[in-house]
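I opened the notebook to record what I looked up. I went through helix packing, then the sheet, then the domains.

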Amino acid sequence: MIADVLRKLELDSVPVATPTGRLVGASGLLLESVGCPLQTGQRCRIETASGEWLAAQAVGFRNETSYLMPFKKPNGLVTGARVLPGPDKSNLMIGPSWLGRVVNGMGEPLDDRGRLGGEHPLPAHPPRVHPLRKQPVRETLDVGVRAINGMLTLGKGQRVGLFAGSGVGKSVLLGLMTRQTVADVVVVGLIGERSREVREFIEMSLGEEGLKRAVVVVAPADESPLMRLMATELCHTIAAHFRDQGQHVLLLVDSLTRYAMARREVALALGEPPATRGYPPSVFSLLPQLVEAAGNGEHDRGSMSAIYTVLAEGDDQQDPVVDTARAILDGHIVLTRELAERGHYPAIDIAASVSRCMAQIVPESHLRAARGLKEMAARHAQVRDLIPLGAYVPGADPLTDRAVSLYPRIEAFLRQGTREAAPLAETRSHLEALTS
């Protein structure tokens, strides 16, 4: 009797027929299919002329036509090719074995070290945390960078952006923070960057020891926009999993701007009208959804801190993506070309940067010392151009005189080598001694 019931259940699970669609159009990144209803976000397979299958995803529809976008370069497509629906849910499993691995946006390994496995199913999208149950930022996060630890102290669960133009040192600073930050797990997303930087980041920034506690998700600039989107969301999903397992996680995404550009490519291909500087309105509504997936969860035993690099095109701090990111993140660290050209690394402009969580996680003495140093740096900036000309006359303002005399020590405090460590406790003592 039991055997008959089990046999019937097995037969009921076998589909009577497989719905099949047909490819009827291909224009740039966008493919059109009819004959098989697909949910938006659902994966599917498209048969190529050589008999192989190309993975794609449904990104929209109009009437009876489904719009698809492939994950990889669509070679060998022909009109009338078969389109088969894929599973609605992700079949990825995650566990500690993911640490030390390099994967693409679909969770496929790129490091030739065998298949990935785990004990827990990985959701297809980053989980959402109810705002009233999200744990606040209470503890400091030691990132090992003196200018940030001292002047822009970050907290566990904070989300901050590194804002700069091209070639100012965002990736170098990100690598320094990757090596120095105190965290149980590091999840790195290299999104839309040069392929050359992938291996360099793994070998030089992470190193062998750093890779053991890291998961690297890669989607270089030559990948499809859909793969770049998938890789960015996968980073957040992986980081959220380890956070909910009670570990302190550092999420690094390089860069948020490339994610916005990939969103723009998809939206424009679907026919959405461009708005601000060519970005469709949907981009600016989807950025907060991504960023809100980071941060702390409902339990106080784990944390998820996030650092995003944001490219300011043409060094324009009013760029729409820069302005949106500045509004939705918990702080912004601005790198300027002027400091970089003077050989000041990291090129952090402390006057233009802010950590919105610093006041609630550091002692009053630290906060007072940081404000004092910021004031002296601002006073020195007012007379910097007068000093080489001999037009500055000491004695008119004692506070400005003190700022001028202390500035060489202030500048030395804010500089740091790429292999130099600056622990938080040591930085705090140095800062308080400098401003006392």
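**Entry 1: a helix pair**

I began with handedness, and found that helix 7 passes helix 8 in a right-handed crossing. I note here that the model is a predicted one.

Next I looked up the geometry. Helix 7 covers residues 281–292 and helix 8 covers residues 320–328. Their axes come within 10 Å and cross at roughly 40°. An angle between 35 and 65 degrees counts as oblique, so helix 7 and helix 8 are oblique to each other.

Which residues meet in this pair? From helix 7 I listed F284, L287, P288 and V291. From helix 8 I listed P320, V321, T324 and I328. I then sorted the contact of helix 7 with helix 8 by class: seven residues are nonpolar, one is polar and none is charged.

**Entry 2: the sheet**

I turned to the strands. Eight of them form an open sheet with mixed pairing. I wrote down the order as 8-14-13-15-16-12-17-18. Which strands are at the edges? They are strand 8 (101–103) and strand 18 (354–355), and each pairs on one side only.

I picked one pair to follow. Strand 13 (residues 185–191) and strand 15 (residues 248–254) are parallel, with six bridges. V188 stands opposite L252 of strand 15.

Then I checked which helices lie on these strands. Helix 4 (residues 195–211) packs on the sheet and touches strand 8, strand 13 and strand 14 (214–219). Its direction makes about 170° with that of strand 14. Helix 3 (residues 170–180) lies across strand 12 (159–164), strand 13, strand 15 and strand 16 (303–311). Helix 3 runs at about 165° to strand 16.

**Entry 3: another helix pair**

I looked up helix 10 (residues 364–383) and helix 12 (residues 424–435). Their axes are 9 Å apart, and the packing angle is about 55°. Helix 10 and helix 12 are therefore oblique to each other. Helix 10 passes helix 12 in a left-handed crossing.

I listed the contact residues too. Helix 10 gives S365, H366, A369, A370, L373 and M376. Helix 12 gives R428, L431, E432, L434 and T435. In the contact of helix 10 with helix 12, I noted six nonpolar, three polar and two charged residues.

**Entry 4: domains**

Last, I took the bounds from the domain assignment. It gives domain 1 as 21–85, domain 2 as 93–361 and domain 3 as 366–434. How many Å separate the centres of domain 1 and domain 3? I noted 60 Å, taken over C-alpha atoms.

Conventions. Residues numbered from 1 in each chain as written. Predicted model: local features only at pLDDT ≥ 70, side-chain atom pairs only at ≥ 80, totals over all residues. Heavy atoms only, no water. Axes fitted to C-alpha atoms, helices over the stretch in contact; angles between N-to-C directions. Helix = DSSP H or I, 4+ residues; strand = E, 2+ residues; numbered from the N terminus. Parallel < 35°, antiparallel > 145°, perpendicular 65-115°, else oblique. Left-handed = near helix turned anticlockwise from the far one by under 90°. Contact = heavy atoms within 4.5 Å. Nonpolar A, V, L, I, M, F, W, Y, C, P; charged D, E, K, R; others polar. Pairing = 2+ DSSP bridges. Domains from an automatic or database assignment.
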